[in-house]
There are 2 protein chains.
Amino acid sequence: MELRDLVLLRELDERGSLTAVARALSVTPSAVSQRLRALERTLGLPLTEPVGRGVRLTEPGRLLATGAVEVAAVVASVEARLAAFQGGIAGRIDVAALPSAGVVLLPALLGRLGAEVEVRVHDHDVAEADYAALARDHDLVIGHRMSPEPRRDWQHLRVVDLLREPLDIALPAAHPLAAREAVTPADIAGERWIGVPEGYPFDDLRLAIEAAAGEPFRIVQRMRDNRLVEALVEAGFGMGILPRFSTRPSTGVRLLPLRGVATGRVISALARPEVAERAVVRHALEALRACAAEIAPAPRR
Amino acid sequence: MELRDLVLLRELDERGSLTAVARALSVTPSAVSQRLRALERTLGLPLTEPVGRGVRLTEPGRLLATGAVEVAAVVASVEARLAAFQGGIAGRIDVAALPSAGVVLLPALLGRLGAEVEVRVHDHDVAEADYAALARDHDLVIGHRMSPEPRRDWQHLRVVDLLREPLDIALPAAHPLAAREAVTPADIAGERWIGVPEGYPFDDLRLAIEAAAGEPFRIVQRMRDNRLVEALVEAGFGMGILPRFSTRPSTGVRLLPLRGVATGRVISALARPEVAERAVVRHALEALRACAAEIAPAPRR
DNA sequence: CAGCTCCATGCAGCAACGCTACACAGATGG
DNA sequence: CCATCTGTGTAGCGTTGCTGCATGGAGCTG
């Protein structure tokens, strides 16, 4: 049993098909199949069983896959200790970031990390449920969630909560309420609304406000990009929801805290456990923590 | 970096020379040298440096060697979890035993372990300081120590204390003191003595008794094998020291507890940490614990 | 200080392993 | 029912990693 075989199992557990594993490891499906069979022979155990036109891990296979994560984590941790001798922290790191979360953290991160670490950023605007999938193909994922607790499908990932960011009500500077310090659902009930498409997380907050006020908004637009929301709010077409730290200060838009409804999202960094042990990744995580601390006090954990 | 390379480092750390590593792994020194250099190239770090006509590990090399133990332990633990699917605990295990400790534990161990595990026993009567070396070449070492605390050179070994065995004064059944329940140094001062060679652990106890009594024994013989000591005691040539549990009951010899001087040895099992994680070895350790518990209540830890 | 021994290392050659390329069979789904 | 996906088997080939042998240096010994 070698490390190469273990990563095979680990990938297969995550990706579910030999072809996907082969793609991820840049080899032929045939090679994956052969190595798997060889491993089965040496162990004397069936690690996969056919199901439909694919395969799935048997129980010993899954056992070995979870063990592979432990082993990989220890190996990465050992390699990290060697990094001090290899000219300090250096290397490349692939980061996938939710744009609305990255807009504030990424510039700070790049500034904090020296030229020694090359950060390759990929922006992905995906649903909460897809962050775990992103973690398979990137070293670090910067995402968010609406609930205070980590999602259940992040269970096998290292989760570092960076920022608890309140969601504010954005309204035009010219609006009568703009002078207030905060607003309540009753204050803004029935207003024109620049929303997000249905099912998007911010839309759940709109529903909560409407439920609290007992009166729906008049939805004039639904769009994904927060900067568009901001622009339309500024132009006076209605109000909307914008995250407090990730929205650049602007004279035309006021952000007011919302009272009476629990708001806020948690921005966190995700990484596969064995990846999180790598020296560069640990360094980047520390840097991210520091960046977040400069923006707002750290959330619990 | 592969597992094969890590065991290389681990062995080199323990054995100190490429040739010794090569012998232990049944390969040519040339092969070891080549793989080491290849690893150095991929890591970009010197792992060994020449010293005299041999080599020694550099600091990163030693770091990697200690990391290799951690990795090997996790790998072994993962493999152990697989054992349940591989037809339960089975396999071969090499045990090195101090004869005077093995005489009571080994038969019990062999009886307790089923036919599934093949136990290969090697008896070695070596000094306390050499048990660590034995652990390099055997899965399990059954040894003893005179002090209650584990030796410092066992620091990197898994130590399982099995038995705290008192050392008794053996005297002929015909001796006037044989009817007593126990003896003190003063009782036996000046007697004829069947001892062990100088420097042997039991000899330190003799010195302690003499110091307590203020009078030396008359040493008539010095021998290593406890059965010879027993035979000479039985024949009436003097008294001596014998371990309580490891001495078979005999009508001609009485074993009396010694009051006033701290006696006793601790019999323990030693294994390299990564070996101790293996399923068979863990099973054997549990069996040894059970055997020891049948003989006497377990010592602390 | 010469000769012997032991250690590590380099090089040539060879065997084995692990990959690619390609073909093929079964399952799925429009 | 064809197109397409899945995994698998086989032939061939390149790379890897070993042995065997020779070399050079360091220590031990007389």
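**Reading the DNA and chain surfaces**

Student: Where should I start, and which element gives the largest share of the surface near DNA strand D?

Tutor: Happy to help! Bear in mind that this is a predicted model. H3(B) makes the largest contribution to the surface near DNA strand D, with five residues. In total, 19 residues surround that strand, the closest being Ser17(A), Thr19(A), Ser30(A), Thr28(B) and Gly52(B). Elements giving two or more residues are helix H2 (18-25), helix H3 (29-43) and strand E2 (54-57) of chain A, plus helix H3 (29-43) of chain B.

Student: How many residues of each class does the surface near DNA strand D have?

Tutor: There are nine polar, six nonpolar and four charged residues.

Student: Now the other strand: which residues are the closest to DNA strand C?

Tutor: Those are Thr28(A), Ser17(B), Leu18(B), Thr19(B) and Ser30(B), out of 20 residues that surround DNA strand C. Two or more residues each come from H3 of chain A and from helix H2 (18-25), H3 and strand E2 (54-57) of chain B. H3(A) gives the most here, with five residues. By class, the surface near DNA strand C has 10 polar, six nonpolar and four charged residues.

Student: And how many residues of chain B are in contact with chain A?

Tutor: A general idea to begin with: interface size is often given as the accessible area lost when the parts come together. Here we can count residues instead: 19 of chain B are in contact with 19 of chain A. On the chain B side, helix H1 (3-15) and helix H4 (59-82) each supply at least two residues, and H4(B) gives the most, with 11. That side divides into 12 nonpolar, three polar and four charged residues.

Notes: Residues numbered from 1 in each chain as written. Chains lettered and ligands numbered in written order. Predicted model: local features only at pLDDT ≥ 70, side-chain atom pairs only at ≥ 80, totals over all residues. Near = placed C-beta within 6 Å. Helix = DSSP H or I, 4+ residues; strand = E, 2+ residues; numbered from the N terminus. Nonpolar A, V, L, I, M, F, W, Y, C, P; charged D, E, K, R; others polar. Contact = placed C-beta atoms within 7 Å.
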